[in-house]
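Biologist: I can follow a sequence, but I would like to learn how to read the features of a model. Could we go through one together?

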Amino acid sequence: MKSALLAAALALALRVGDCASLRSRRAGQEPDTSCGKGFDNLVQGSQDYYRTAAVELWTHPSHVTDNATFEAEFECWFASMCTTKCGGLPSKADSRKKDLTAKCLSVQVDWLKIWNMFSEEE
């Protein structure tokens, strides 16, 4: 009886040790930074800019709800771009913002024309 009780106590102690080991390994993992610092950690002005853009850009009759459907993914992408400063790429706003905005808002311009406005690095 004593040996069975000792075996059960030993098994329990080993099991508890395994759990502690697993927790300590998990705690040592790097944080997920795929969304930069996270959308909720952006300054309010950046969040407001994104919210306005998300409404204004998704006006195509076939895509009016895409901003809501993919909200988490778009917020993650936007936060990553803000956090990493677009991966250090130079801004092209001065050279293409007006034309890009017009094409993005047009229901007659297909995605390929917009895609071709971006460089390979982007």
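Biologist: Take phenylalanine 118, then. Is phenylalanine 118 buried, partly exposed or exposed?

Modeller: One caution before that: this is a predicted model. Burial is read from relative accessible area, where under 20% is buried and over 50% is exposed. Phenylalanine 118 counts as partly exposed because its relative accessibility is 35%. Phenylalanine 118 lies in the segment after helix 6.

Biologist: Which residues does phenylalanine 118 touch, not counting those up to four places away in sequence?

Modeller: A contact means heavy atoms within 4.5 Å. By that rule phenylalanine 118 touches Arg96 and Leu100. One can also look at C-alpha atoms: those of phenylalanine 118 and lysine 92 are separated by 9.4 Å, with their positions 26 residues apart along the chain.

Biologist: Let us step back to the whole chain. How many helices and strands does the protein have?

Modeller: There are 6 helices and 0 strands. In sequence order the pattern reads α-α-α-α-α-α. The protein has 122 residues, of which 16% count as buried. Among contacts with a separation of 6 or more, 58% join residues 24 or more positions apart.

Biologist: How do I check a helix, and why does the length of helix 4 agree with its number of residues?

Modeller: The span is estimated from the rise for each residue and compared with the distance between the end C-alpha atoms. Helix 4 covers residues 71-84, which is 14 residues, so at 1.5 Å a residue it should span 20 Å; the end C-alpha atoms are 20 Å apart, which agrees.

Biologist: Which residues of helix 4 are buried?

Modeller: They are Glu75, Cys76, Phe78, Ala79 and Ser80. Helix 2, residues 44-57, is included in what covers them.

Biologist: A glutamate is on that list. What does glutamate 75 touch?

Modeller: Glutamate 75, in helix 4, counts as buried because its relative accessible area is 14%. Leaving out residues up to four places away in sequence, glutamate 75 touches Phe39, Tyr50 and Arg51.

Biologist: Where does serine 34 lie, and which residues does it touch?

Modeller: Serine 34 lies in the loop between helix 1 (2-27) and helix 2. With residues up to four places away set aside, serine 34 touches Cys76 and Ser80. Serine 34 is partly exposed, since its relative accessible area is 46%. The C-alpha atoms of serine 34 and tryptophan 77 are 8.3 Å apart, although these residues are 43 residues apart along the chain.

Biologist: Next, a polar side chain. Is glutamine 47 buried or exposed?

Modeller: Glutamine 47, in helix 2, is buried because its relative accessible area is 11%. For a buried polar side chain, the next step is to look for a polar partner. A polar atom of the glutamine 47 side chain lies 2.9 Å from the backbone oxygen of leucine 42. Beyond its neighbours within four places in sequence, glutamine 47 is in contact with Phe39, Asp40, Asn41 and Leu42.

Biologist: What does the sign of phi tell me?

Modeller: Most residues other than glycine have a negative phi, so a positive value is a reason to look again. Just after helix 4, lysine 85 takes a positive phi of about 55 degrees. Cysteine 86 also has a positive phi, near 55 degrees.

Biologist: Where do lysine 85 and cysteine 86 lie?

Modeller: Lysine 85 is in the loop between helix 4 and helix 5, and cysteine 86 lies in the loop between helix 4 and helix 5. Lysine 85 counts as exposed because its relative accessibility is 62%. Cysteine 86 is partly exposed, with a relative accessible area of 40%.

Biologist: Last, pockets. How much space lies in the largest pocket?

Modeller: About 2100 Å³. The lining has 43 residues, and those closest to the centre are Leu57, Trp77, Leu100, Cys104 and Phe118. Helix 2, helix 4, helix 5 (93-105) and helix 6 (111-115) are the elements that give two or more residues to the lining.

Biologist: Which helix gives the largest share of the lining, and how do the lining residues divide by type?

Modeller: Helix 5 gives the largest share, 8 residues. By type, the lining residues divide into 25 nonpolar, 8 polar and 10 charged.

Notes: Residues are numbered from 1 along each chain as its sequence is written. This is a predicted model: local features need pLDDT of at least 70, side-chain atom pairs count only at pLDDT 80 or more; totals for chains, interfaces and linings use all residues. Side-chain values use heavy atoms; hydrogens and water are left out. Helices (H or I, at least four residues) and strands (E, at least two) are DSSP runs, numbered from the N terminus. The expected span of a helix is 1.5 Å times one less than its number of residues. Buried means under 20% relative accessible area, exposed over 50%, partly exposed in between (1.4 Å probe, protein chains only). On a 1 Å grid over the protein atoms alone, a cavity is a set of points where a 1.4 Å probe fits but cannot get out, and a pocket is an open set with protein on both sides within 12 Å along at least five of seven lines; lining residues have an atom within 4 Å of a point. Grid points are joined across faces, edges and corners, and a volume is the space filled by probe spheres set on the points. Ala, Val, Leu, Ile, Met, Phe, Trp, Tyr, Cys and Pro count as nonpolar, Asp, Glu, Lys and Arg as charged, and the others, Gly among them, as polar. A polar contact is a pair of N or O atoms within 3.5 Å; within protein, one must be able to donate a hydrogen and the other to accept it, and residues adjacent in sequence count only if both atoms are side-chain atoms.
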